[in-house]
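Hi there,

Here is the structure I promised to pass on to you. Have a look at it first, and then read my notes below.

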Amino acid sequence: MQHNTYIYIFIMAAVTLLIRVLPLTLIRKRITNITLRSFLYYVPYVTLAVMTFPAILEATGSIWSGLAALVAGCLLAFFGVSLFGVAVCSCVVVFVIELIIL
Amino acid sequence: MSENKSWYKKGLRDGIPIALGYFAVAFTLGIAASKAGLSAFEAGLAAALTNASAGGYAGFTLIAASAGYIEMALTELIVNARYLLMSCALSQKLAPETPLIHRLLIAFDVTDEIFGISVSVTGTLNPFYNYGAMTVAIPGWTLGTVFGVITGNILPVSLVSALGVGLYGMFLAIIIPPARKNKVIAAVVTISMAMSFAFSKLPVISELSSGIRVIILTVVISLAAALLFPVKEDTDAA
């Protein structure tokens, strides 16, 4: 069966948009249930942590440059370096380490 | 109104590292799109309309395989389901009286990164902060994809490799500072990383797509934390 690329793209866009739109438009009030509130409070930390590790080790040319970026990023963030600073320094660390070892 | 302007500028500034990281990640997405037979225009359109890395990648793979439309819809639903959780969390960050149009516009670009920065602003979220970030992030994502299709491997591998790690650096900058102040968050972050690592190695579970693993871990760990350490006071750092 012949499929149309634009229909594919439309389906991708429509499904992705609905997932994002429904909660933001339907949940208008402050959720008062403490368990639910607490759950949503922890969601960003868990999601971002889960997505960062171990994926960061595989994101670069070598597991060692990824590990170095992880350590550097954690230290810089711990000592209060800005979002932009941590992001740029992680990239520089990877670039320099890969220059040396690859 | 000047408050909106300053939030917009702040969003622009925080959006720049996101846009740069997106460019690098989307570049590799563009390469996948061209392998699937998409033109630069088609790939750019898909990127601009979805703003989703895993969703985009899964979509292009299915297009290459000439999969059915229903399979496409279901796959996008599963791969992007984490945005449902993020969107729920963001709904609590907005002032309850925020008009529909602002909610729709914010929803259009709920990505891992923009969610990360907008959920970590102090107090309620001003939609203009998101608009600022979106102003640079969406072009970064779209152009990265288009360039990926057109130029293939023009950027040196070492540069793409280095740029790709920027997004993770950003995630760390979002989760580490609160973890330093709050022991429960520190424990939650540590356990999340440990379980994520285990999930990527365990037999059977590691066969699941990374999108599904993220959903399972997010629901299980966040729920456990919520039951064991409910957040009592109305903290604004939600």
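Let's start with helix α4 of chain A, which covers residues 63-78. This is a predicted model, so please read everything here in that light. α4(A) has 16 residues, and from its first C-alpha to its last it reaches 22 Å, close to the 22 Å expected at 1.5 Å a residue.

Which residues of α4(A) are buried? They are Ser65(A), Gly66(A), Ala68(A), Ala69(A), Leu70(A), Ala72(A), Gly73(A), Leu76(A) and Ala77(A). As for what covers them, the cover includes α3 (55-58) and α5 (83-101) of chain A, and also α10 (166-181) of chain B. Helix α4(A) is followed by Gly80(A), which has a positive phi, near 80°.

Now zoom out to the whole of chain A. You will find five helices and zero strands there, so to speak a plain row of α-α-α-α-α when you read along the sequence. Its radius of gyration is worth a second look: chain A has 20 Å, but a compact globule of 102 residues would have a value near 13 Å. Taken along the principal axes, the C-alpha atoms of chain A fill a box of roughly 50 × 50 × 20 Å. Of the 102 residues in chain A, 50% count as buried. If you take the contacts in chain A between residues at least 6 apart in sequence, 42% of them join residues at least 24 apart.

Next comes chain B. It has 12 helices and zero strands, and along the sequence these read α-α-α-α-α-α-α-α-α-α-α-α. The radius of gyration of chain B is 19 Å, close to the 18 Å that the globule rule gives for 238 residues, so chain B is as compact as a globular protein of that length. Along the principal axes, the C-alpha trace of chain B spans about 55 × 50 × 40 Å. Buried residues make up 52% of the 238 in chain B. Among the contacts in chain B with a separation of 6 or more, 80% come from residues 24 or more positions apart.

How do the two chains meet? Chain A brings 64 residues to the contact, and chain B brings 86 residues. On the side of chain A that touches chain B, the elements that give two or more residues are α1 (5-26), α2 (34-52), α4 and α5 of chain A. Which of them gives the most? That is α2(A), with 18 residues. By type, the residues on this side of chain A divide into 44 nonpolar, 14 polar and six charged.

Finally, try finding the domains of chain B, which is divided into domain 1 (2-163) and domain 2 (182-238). The centres of these two domains of chain B, taken over C-alpha atoms, are separated by 23 Å. Where they touch, 10 residues of domain 1 of chain B are in contact with nine residues of domain 2 of chain B. The elements that give two or more residues to the domain 1 side are α4 (69-79) and α5 (82-91) of chain B. That side of domain 1 divides into five nonpolar, three polar and two charged residues.

Enjoy exploring, and send me your questions whenever you like!

Best wishes

Methods
Residues numbered from 1 in each chain as written. Chains lettered and ligands numbered in written order. Predicted model: local features only at pLDDT ≥ 70, side-chain atom pairs only at ≥ 80, totals over all residues. Helix = DSSP H or I, 4+ residues; strand = E, 2+ residues; numbered from the N terminus. Expected span 1.5 Å × (residues − 1). Buried ≥ 20, exposed ≤ 12 C-beta atoms within 10 Å, placed from the backbone. Contact = placed C-beta atoms within 7 Å. Rg over C-alpha atoms; globule rule 2.2 N^0.38 Å. Nonpolar A, V, L, I, M, F, W, Y, C, P; charged D, E, K, R; others polar. Domains from an automatic or database assignment.
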